[in-house]
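Dear colleague,

I am passing on the structure we spoke about, together with some notes on what turned up in it. Please have the sequence and the model open while you read.

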Amino acid sequence: MHKTNLSDERALPAIQSGWAEFIRKEDWWAVWIGLFLVILAVVLWSAGHSIKVLTAQIPKWGDIHTLTDALSHHFGSIVLLFITFSILFSIAVFFLRVKVSQFVSGFIVLFILSILINIFSSWEWAQRYTLEAPLIALAIGLVISNIIPIPDWFEAALRTELYVKVGIVLLGATLPFTLIVKAGPVAILQATIIAVVTFATIYFVGSKLGLDKRFAATLGAGGSICGVSASIAVGSSVKAKKEHVSVSISLVVIWSIVMIFALTFMIKWLKIPAGPAGAWIGTSEFADAAGITAASAFGDKALTAFTLMKVIGRDIFIGVWCFILAFISITRWEKKEEGTKADASEIWRRFPKFVLGFFAASAIVTIILASVSTASTDAINADIVAPIKELRTWAFTFCFLSIGLTTRFKQLTSVGWKPFVAFSSGVAVNVVLGYILSILLLGSYWANL
């Protein structure tokens with residue numbers, strides 16, 4: 001089993017206090033990179049341009065001729081995207097004391113693989129089944145890592161946490177506070193109930209089965225908030241073991257796929273209207289891509305309800321849970337088990353700083369939307385929010401490839417059946433509670449969206 005970057009910070013020498021923290025911690029570099037891209041998008045928009053020139057978005061294609069034309073047309077954008085990410089990540093890893101030459105060599109390979117994955121996910125056949133780039137990246141990474149030995153120089157580029165944290169900061173820019181208001185108190189209330197009850201169920205069952213508290217918390221976050229991103233972010237916040245984060249991610253992906261078919265079948269069998277159907281999917285699915293796959297089968301109203309419930313209502317909780325669980329881990333679990341001193345400086349040191357970037361990015365876009373006319377909102381969504389979503393997808397693709405490339409099936413099976421039982425208990429509660437809330441209690445609200 002090779003070393004992984006999910007716990008790199010623990011392997012570094014003691015980081016100096018004070019201002020050095022801002023250039024020596026991965027969390028802060030995720031903030032700087034993410035906010036730089038958001039601010040760049042705003043500056044280019046205000047100058048009459050758009051950051052979408054960097055997104056290298058490959059359009060939908062159905063034949064080789066269309067694909068070659070698209071690649072030719074977007075070649076410059078692909079090169080600019082590579083240069084931008086290479087420079088930003090290279091600066092970060094330099095200060096994180098990683099050999100830059102090895103990182104760049106590995107990142108070239110990682111980027112080429114990501115381009116190939118992006119091409120595949122843009123294929124009409126792949127889009128028909130909503131095979132989005134991040135999930136394809138995870139699958140391909142798993143296949144490669146379990147067949148071919150990964151060389152050390154390539155491992156230097158597999159910066160799982162850096163990529164996902166940058167993606168989460170960019171996620172903040174796509175979830176401005178105005179969208180949260182639009183979701184309404186009903187959606188926020190339902191999301192809160194689901195997040196708390198599902199997390200508590202998984203954590204309680206996992207603890208009773210003897211799982212480490214940090215492991216149980218990571219499983220609970222993956223099952224109750226936003227799947228893979230939550231598993232990584234919360235796992236980092238509570239210092240969960242790398243293999244525990246990998247198991248949580250695997251369970252999220254497995255159950256996400258199962259629920260695509262299970263929820264679609266149950267909705268059609270029970271003849272549930274589109275609005276409540278989308279809300280139920282948003283309540284009981286574990287990944288955005290999988291949820292969109294299921295909701296798209298029931299039309300635009302279902303997609304709207306799903307987006308309000310899952311993408312806005314539940315995904316926004318990632319920052320809140322990271323803070324809460326980091327605080328609990330320091331003040332209770334580690335204090336009791338390891339004698340950690342739970343003072344204010346330790347809480348701040350362990351607080352996931354990228355969460356600040358998430359909220360800062362959200363605030364930036366919120367302020368801009370509030371300062372323009374309604375007519376300009378569409379332009380902002382097209383020239384700022386949409387391109388940032390594409391950049392977020394690239395960051396998540398790098399992340400999921402890195403996860404797959406650093407995960408061995410042997411690791412996943414070595415933990416036994418207990419994590420599966422704990423996570424599955426949350427699934428059972430989640431589905432039933434989601435049905436009660438989305439159809440029985442709040443059905444009229446979702447039906448009248």
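I83 is a residue of helix α5, which covers residues 75-95. Please keep in mind throughout that this is a predicted model. With a relative accessible area of 39%, I83 is partly exposed, because that value falls between the 20% and 50% cut-offs. Together with F75, V79, I87 and I91, I83 makes a nonpolar surface patch of about 430 Å².

A second place to look at is T218, which sits in helix α12, residues 213-224. T218 has a relative accessibility of 0% and therefore counts as buried. Its side chain reaches the backbone oxygen of R214 at 2.8 Å, and, once the neighbours within four places in sequence are left aside, T218 is in contact with S231, V234, G235, V238, A240, V245 and S248.

Lastly, there are two residues whose backbone angles deserve a look. A56, in the loop between α3 (26-46) and α4 (64-73), has a phi near 50°, which is a positive value in a residue other than glycine. K271, in the loop between α14 (242-270) and α15 (274-284), likewise has a positive phi, of about 55°, although it is not a glycine. Are these residues buried or exposed? A56 is buried, since its relative accessible area is 1%, whereas K271 counts as exposed because its relative accessibility is 73%.

With best wishes

How values were computed: Residues numbered from 1 in each chain as written. Predicted model: local features only at pLDDT ≥ 70, side-chain atom pairs only at ≥ 80, totals over all residues. Heavy atoms only, no water. Helix = DSSP H or I, 4+ residues; strand = E, 2+ residues; numbered from the N terminus. Buried < 20%, exposed > 50% of the residue type's maximum accessible area, 1.4 Å probe, protein only. Polar contact = N/O pair within 3.5 Å; in protein donor to acceptor, adjacent residues only side chain to side chain. Contact = heavy atoms within 4.5 Å. Patch = residues over 30% accessible without salt bridge, like charges linked within 9 Å, V, L, I, M, F, W, Y side chains within 5 Å. Areas by Shrake-Rupley, 256 points an atom, 1.4 Å probe, with all protein chains shown as cover. Salt bridge = Lys/Arg side-chain N within 4 Å of Asp/Glu carboxyl O.
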